[in-house]
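Me: I'd like a close look at one part of this model, the place where the two chains meet. Take your time and walk me through it.

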Amino acid sequence: MAVKAPDRARCIQALDDLVKRCDGVNAAMLALRDGRPYAERSGGRVEPGKFAAMASSLLALGSSVLRELSAGTLDHVLVEGGAGKLVVANVPGSHGLLILAVLASHDARLGLVLGQAKTCALEVAAAFPPNGE
Amino acid sequence: MKQSYKMVFVGEPGAGKTTCIAALSDIKPVTTDVGCTDELAMIKETTTVALDYGELDLGDQGRLLLYGLPGQSRFRFMFDVVRAGLLGVVILVDAASSHALDGLAETLETYADELRHLPCVLALNKHPDPPDTFKQQCQDLLRKHKLVTPILAVDARKRADVIRVFELLFVLLEYGSDGAPRQEAPAWL
Ligand SMILES: Nc1nc2c(ncn2[C@@H]2O[C@H](COP(=O)(O)OP(=O)(O)OP(=O)(O)O)[C@@H](O)[C@H]2O)c(=O)[nH]1
Ligand SMILES: [Mg+2]
């Protein structure tokens, strides 16, 4: 069954909302699962092609590691550094097509970033037309 | 502990890196393939987005650690992940593909900087007897990037062929290395 395309404007709106709503979020990226950019809000801070590819690698590696360790299916990958945090998650309801990557500054509150990333992913999921004819 | 040698496969999407590691590994390989979302889907279902990993026991000779990278240039950063302690690089080519030379050109464009400091072998896959003109064209591409590597035809799913590649890399390391610093492990390991 072919996956119908999402409403792109709504996807971009969801990214915009995330960046506006959540203090400290510097970049938000929707990428295709094989590492190509789909939509992005970063204000030129990150190179989209590379960001998308890295996000897909992280997510795939995370899934593989969980699989190897019999630790269930992946919810999100979190990478924290001295100057920033990165959250990467699958977009539920995108038929495994899209992933969301959110880059936040180091002082952004983790719970908030995670929660807002989830909300954004749900908004993107809602941009896909319902299944069936 | 057994000596381990780390070998990485690069090459265009579809060259056979994942297939090779899956066919040869003594352990269940680690894979990171996802469904293709571009034209590649017409050739095959999935593509690697992080890496493949497998191990091959060489008996007294030690153990080969096999790493496969994604084929697309956008994953160039993955080389940084596997670089430490590499014995060498296998550049895999789908010699049966009509786009083989374009694929090789892109791979070399992407990795030539790394390849110049490491032993490497160009392995022509999927073709029982690649024509001399094709080998010559590969040679020309290598030369264009100031690379000198042996070229040999392989079936990347065959253990004996991949061990031959490993042995070649080993010889290159012993006699042909440009003296690039190798990462020394602490003595207690
Ligand atoms: N005829 C033939 N087919 C092969 C051989 N090796 C691999 N294949 C096929 O060629 C394709 C290779 O696909 P992969 O192993 O995914 O290639 P890859 O190099 O890992 O590609 P990416 O991960 O996309 O970069 C598969 O469809 C294999 O079945 C071979 O020696 N002969
Ligand atoms: Mg692969």
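How many residue pairs are in polar contact between chain A and chain B, counting pairs with both at pLDDT 80 or more?

Reply: Keep in mind that this is a predicted model. Between chain A and chain B there are 9 residue pairs in polar contact, with both partners at pLDDT 80 or more. On the side of chain A that touches chain B, the largest share, 9 residues, comes from α2(A). Salt bridges between the two chains number 2. One of these joins the side chains of A:E68 and B:K28, with 3.4 Å from N to O.

Now for the overall footprint. In terms of contacts, 15 residues of chain A touch 18 residues of chain B. The area buried between chain A and chain B comes to about 1,400 Å², and carbon and sulfur atoms give 59% of that. Within chain A, the residues that lose the most area to chain B are A:R33, A:D34 and A:R36, which together make up 37% of what that side buries.

Back to α2(A), since it gives chain A's side its largest share. The helix covers residues 48–68 of chain A, and at 1.5 Å a residue its 21 residues should span 30 Å; the end C-alpha atoms are 30 Å apart, so the two agree. Its buried residues are A:F51, A:A52, A:A53, A:A55, A:S56, A:S57, A:L59, A:A60, A:G62 and A:S64. Who covers them? From chain A, the cover includes β1 (25–32), β2 (37–41), β3 (76–81), β4 (84–90) and β5 (98–105), and α2 (78–82) of chain B takes part too. After α2(A) comes A:S70, with a positive phi near 50°.

There's another backbone angle to check in chain A: A:H95 isn't a glycine, yet its phi is positive, about 55°. You'll find A:H95 in the loop between β4 and β5 of chain A, two of the strands that help cover α2(A)'s buried residues. A:H95 counts as partly exposed, at 35% relative accessibility.

Over in chain B, the magnesium ion (ligand 2) is coordinated by B:T18 (OG1) and B:T48 (OG1), at 2.0 to 2.1 Å. B:T18 sits in helix α1 (residues 17–24) and B:T48 in strand β3 (residues 46–48), both of chain B, so the pair ties together parts 30 residues apart in sequence. B:T18 is partly exposed, with a relative accessible area of 21%, whereas B:T48 is buried at 5%.

Definitions and conventions
Residues numbered from 1 in each chain as written. Chains lettered and ligands numbered in written order. Predicted model: local features only at pLDDT ≥ 70, side-chain atom pairs only at ≥ 80, totals over all residues. Heavy atoms only, no water. Donors = N, O, S within 2.8 Å, 3.2 Å for Na, K, Ca; no water. Helix = DSSP H or I, 4+ residues; strand = E, 2+ residues; numbered from the N terminus. Buried < 20%, exposed > 50% of the residue type's maximum accessible area, 1.4 Å probe, protein only. Expected span 1.5 Å × (residues − 1). Contact = heavy atoms within 4.5 Å. Buried area = accessible area lost by both parts, 1.4 Å probe. Salt bridge = Lys/Arg side-chain N within 4 Å of Asp/Glu carboxyl O. Polar contact = N/O pair within 3.5 Å; in protein donor to acceptor, adjacent residues only side chain to side chain.
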